[in-house]
Amino acid sequence: MLAAQPITTPRLELEPLRIDHATELAPLLDDPALHDFTGGAPSAESELRERFARQVAGRSPDGTRAWLNWVVRDRATAAAVGTFQATVGGRTAELAWVIATSRQGEGLATEAATAVADALRADGIATFIAHIHPEHAASAAIARRLGMRPTQARDDGEIRWVG
């Protein structure tokens with residue numbers, strides 16, 4: 001089964017997620033604006049620790065899907081700027097990303113998504129899926145850049161993109 005490996009791009013370092021990253025990520029993710037499209041509210045550090053403990057297991061409880069999770073870091077400063085995840089089953093990966101609002105608009109999510117997709121393609125992944133809010137133009141642009149197209153399918157109000 002696949003496991004998250006470090007990935008380096010010209011501006012970013014994608015570091016496999018650890019439980020102790022919750023301390024660093026809690027302030028970064030404690031931004032209600034990050035939930036404008038996804039709903040919900042920021043998680044407390046303790047909640048992040050619980051979530052990260054499940055995620056770092058690396059696979060779904062039934063063992064059919066690999067869970068790959070990364071902290072996205074700015075290579076120039078080593079500061080965390082977001083997270084990235086891929087849920088892999090068979091030759092399909094569902095992708096999701098979060099970049100701090102203060103760093104959005106710099107192309108960081110596109111750079112991270114491209115690097116993850118390239119690494120997964122090298123491991124035989126052929127299809128990518130993302131669930132994107134209909135009004136989230138930036139995420140739609142990233143999905144399009146990865147070769148995904150919107151479908152008619154909806155999940156919790158989000159459009160399923162496939163490519």
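Which residues does Glu15 touch, not counting residues up to four places away in sequence? That is a good place to start reading this predicted model, and the points below go on from there.

1. **Glu15 and its neighbours.** Glu15 touches His21, Asn69, Trp70, Val71 and Arg73, with residues up to four places away in sequence left out of the list. Glu15 sits in strand β2. Its relative accessibility is 18%, and because buried means under 20%, Glu15 counts as buried. Two polar contacts of its side chain are worth a look on screen: one of 2.7 Å to the side chain of Arg18, and one of 2.9 Å to the side chain of His21.

2. **Helix α1.** His21, the partner of Glu15 in that second contact, is also one of the buried residues of helix α1, which spans residues 21-29. The others are Ala22, Leu25, Ala26, Leu28 and Leu29. A reminder that helps when you look at such a list: an α-helix has 3.6 residues a turn, so residues three or four places apart point the same way. The cover over the buried residues of α1 includes β2, α2, β3, β4 and β5.

3. **From α1 to β3.** Glu24 and Arg73 form a salt bridge, with 2.7 Å between the closest N and O atoms. This pair links distant parts of the chain, since Glu24 belongs to helix α1 and Arg73 to strand β3, 49 residues apart. The two ends differ in burial: Glu24 is partly exposed at 33% relative accessible area, while Arg73 is buried at 11%.

4. **Arg103 and its two partners.** Arg103 forms a salt bridge with Asp74, the closest N and O atoms lying 3.0 Å apart. Arg103 is in the loop between β5 and α3 and Asp74 is in strand β3, so the pair ties together parts 29 residues apart in sequence. Arg103 also meets Glu106 in a salt bridge of 2.8 Å, N to O. Asp74 is buried, with a relative accessible area of 11%, whereas Glu106 is partly exposed at 34%.

5. **A shared network.** Glu15, Arg18, Asp20, Glu24 and Arg73 are joined into one network by salt bridges that share partners. The count of salt bridges comes to ten.

6. **The largest pocket.** The largest pocket holds about 1,300 Å³ of space. Among its 47 lining residues, Leu34, Thr38, Ala96, Trp97 and Val98 are the closest to its centre. Strand β5 gives the largest share of the lining, six residues. By type, the lining divides into 23 nonpolar, 19 polar and five charged residues.

Note on methods: Residues numbered from 1 in each chain as written. Predicted model: local features only at pLDDT ≥ 70, side-chain atom pairs only at ≥ 80, totals over all residues. Heavy atoms only, no water. 1 Å grid on protein atoms, 1.4 Å probe; cavity = no way out; pocket = protein on both sides within 12 Å on 5 of 7 lines; lining within 4 Å. Points joined across faces, edges and corners; volume = space filled by probe spheres on them. Helix = DSSP H or I, 4+ residues; strand = E, 2+ residues; numbered from the N terminus. Nonpolar A, V, L, I, M, F, W, Y, C, P; charged D, E, K, R; others polar. Buried < 20%, exposed > 50% of the residue type's maximum accessible area, 1.4 Å probe, protein only. Contact = heavy atoms within 4.5 Å. Polar contact = N/O pair within 3.5 Å; in protein donor to acceptor, adjacent residues only side chain to side chain. Salt bridge = Lys/Arg side-chain N within 4 Å of Asp/Glu carboxyl O.
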